[in-house]
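Here's a structure to poke at, one question at a time. Have a look first, then we'll talk it through.

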Amino acid sequence: MAEFTVTPWEVSGEIDYDELMKKFGTSPIDNKLVNRISKYAEPHFMLRRGIFYSHRDLGKTLDEYEKGKPFYLYTGRGPSGMTHLGHIMPWIFTKWMQDVFDAELYFQITDDEKFLFKDGLDLEKAREYAYENILDIIALGFDPEKTHIFLDTEYIHHLYPLALRTAKRITFSTAKAVFGFKNSSNIGEIFYTSMQSAPAFIGSELGGEPTNCIVPCGIDQDPHFRVTRDVAPFLGYPKTTMMYCKLFPSLLGGDKMSSSVPEATVYTTDTPKQVKKKIGKALTGGAVSVEEQRKNGGNPDVCMVYRYFSYMFEPDDDKLKKIRDECRNGERLCGQCKMELTEKINDFLKKHQEKREKAKDKVEDFMLRD
Ligand code: TRP
């Protein structure tokens, strides 16, 4: 079996997502669950296509929602650099959840985490990235009345009691077993998971009664939330509900778009020219020559350009299928796909960048302050 590693700080190898789900002990978001959600809205294409594919306790939380118990949403961002497409994919889904269920959303920005875990990133720089990233979050159209964004170092007065109550329930040996800490790990890293747990309880705390919380995020965050869920009952809160997505792939293949490979990463601030250049170099499933591809077709299953259509840029299932069929039967060549994807991304970014600019005046409408 191929080797792969998925932790909150490292993703490598070819991820077998079914295997990962088994390893983590999470459940599939199956048709039955997708159908249940279709009672409230046409299921988002990320649900239909198995991009948001795994969960913990989603059925139970929907049962309670049906009985009149609301839930709030929580997700987060570690501000280690500028925002790229891989970051916003789960945020787009989170906004959809907010719209469909009219839910409050707590959005944690972990400047503390990135300071502790990244060499050479000082707190001031992490804070700077935090406010850059917040512009991208606001640009996606979250409801300012219901969306509460905070930086850990700034909202600490409210977070700290919750983090402490969490930390007291986590032994060093658990933290080591879950995260693989070593004797050389700094002690901030060891404490950090309790900071990521705290916002799962903040809606209950601020609302004055235990309330369900759903966290939509990449499945790489599951180790943190296993701890959160274990601790919750001791604090008198419901176990956190999770909705996990697959990771947004790198343009050059590989399972996670990452700032460590900038030429394979599309930032929300990229120019049309930069996007064109990056997409031009993307890994595709094309054949060695045009003749051969016309004859035998290409392979969309290994193509990053196709994956970008499917994960984000072609919400229409029929159109996606058409791209797939045309690729398979050799009608469509990689150049055409790359051109269409470039256009779609640049369209998206043009609008996003305008909204991002306008967001600069709106930051305080979204911030949760101590
Ligand atoms: N640890 C995440 C990261 O490195 C940031 C984060 C904090 C987060 N809280 C979260 C992600 C909740 C998803 C859900 O990016």
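Q: Which element gives the most residues to the shell around the ligand, and how many does that element give?
A: Keep in mind that we're looking at a predicted model. The elements that give two or more residues to the shell are strand S5 (71-77), helix H6 (111-117), helix H10 (187-207) and strand S8 (212-218). The top contributor among the elements is S5, and the number of residues is four.

Q: Which residues come nearest to the ligand?
A: There are 15 residues around the ligand to pick from. Those that come nearest are Tyr74, Gln108, Glu113, Lys114 and Gln196.

Q: Which atom type of the ligand does a polar side-chain atom of Lys114 lie 3.0 Å from, nitrogen or oxygen?
A: Let's set Lys114 beside two other side chains. A polar side-chain atom of Tyr74 has a ligand nitrogen at 3.0 Å, and an N or O atom in the Gln221 side chain is likewise 3.0 Å from a nitrogen of the ligand. For Lys114, the ligand atom at 3.0 Å is an oxygen.

Q: How much of the area that the ligand exposes when taken alone does the protein bury?
A: Start from those side-chain contacts, such as the 3.0 Å one between Gln221 and a ligand nitrogen. Taken alone, the ligand exposes 360 Å², and the share of that buried by the protein is 91%.

Q: Which pocket is the space taken by the ligand?
A: Think of the pockets ranked by size. The ligand's space comes out as the largest pocket.

Q: Why is Cys245 not in a disulfide?
A: A disulfide needs two cysteine sulfurs within 2.5 Å. Cys245 is buried, at 2% relative accessibility, but what matters here is the distance to a partner. The closest cysteine sulfur is in Cys217, and that is too far for a bond because the gap is 7.1 Å.

Q: How many disulfides does the count come to?
A: Cys334 is in no disulfide either, with the nearest cysteine sulfur, in Cys303, 6.1 Å away. Apply the 2.5 Å cut-off and the total number of disulfides is zero.

Q: Is Asp136 buried or exposed?
A: Asp136 belongs to helix H7 (residues 123-139). Buried calls for a relative accessible area under 20%. Asp136 has 0%, so the verdict is buried.

Q: Which side chain makes a polar contact of 2.8 Å with the side chain of Asp136?
A: The Asp136 side chain also has a polar contact with the side chain of Thr83, at 2.7 Å. The partner at 2.8 Å is the side chain of Thr268.

Definitions and conventions:
Residues numbered from 1 in each chain as written. Predicted model: local features only at pLDDT ≥ 70, side-chain atom pairs only at ≥ 80, totals over all residues. Heavy atoms only, no water. Buried < 20%, exposed > 50% of the residue type's maximum accessible area, 1.4 Å probe, protein only. Near = heavy atom within 4 Å. Polar contact = N/O pair within 3.5 Å; in protein donor to acceptor, adjacent residues only side chain to side chain. Areas by Shrake-Rupley, 256 points an atom, 1.4 Å probe, with all protein chains shown as cover. 1 Å grid on protein atoms, 1.4 Å probe; cavity = no way out; pocket = protein on both sides within 12 Å on 5 of 7 lines; lining within 4 Å. Sits in = over half its atoms within 2 Å of the grid points.
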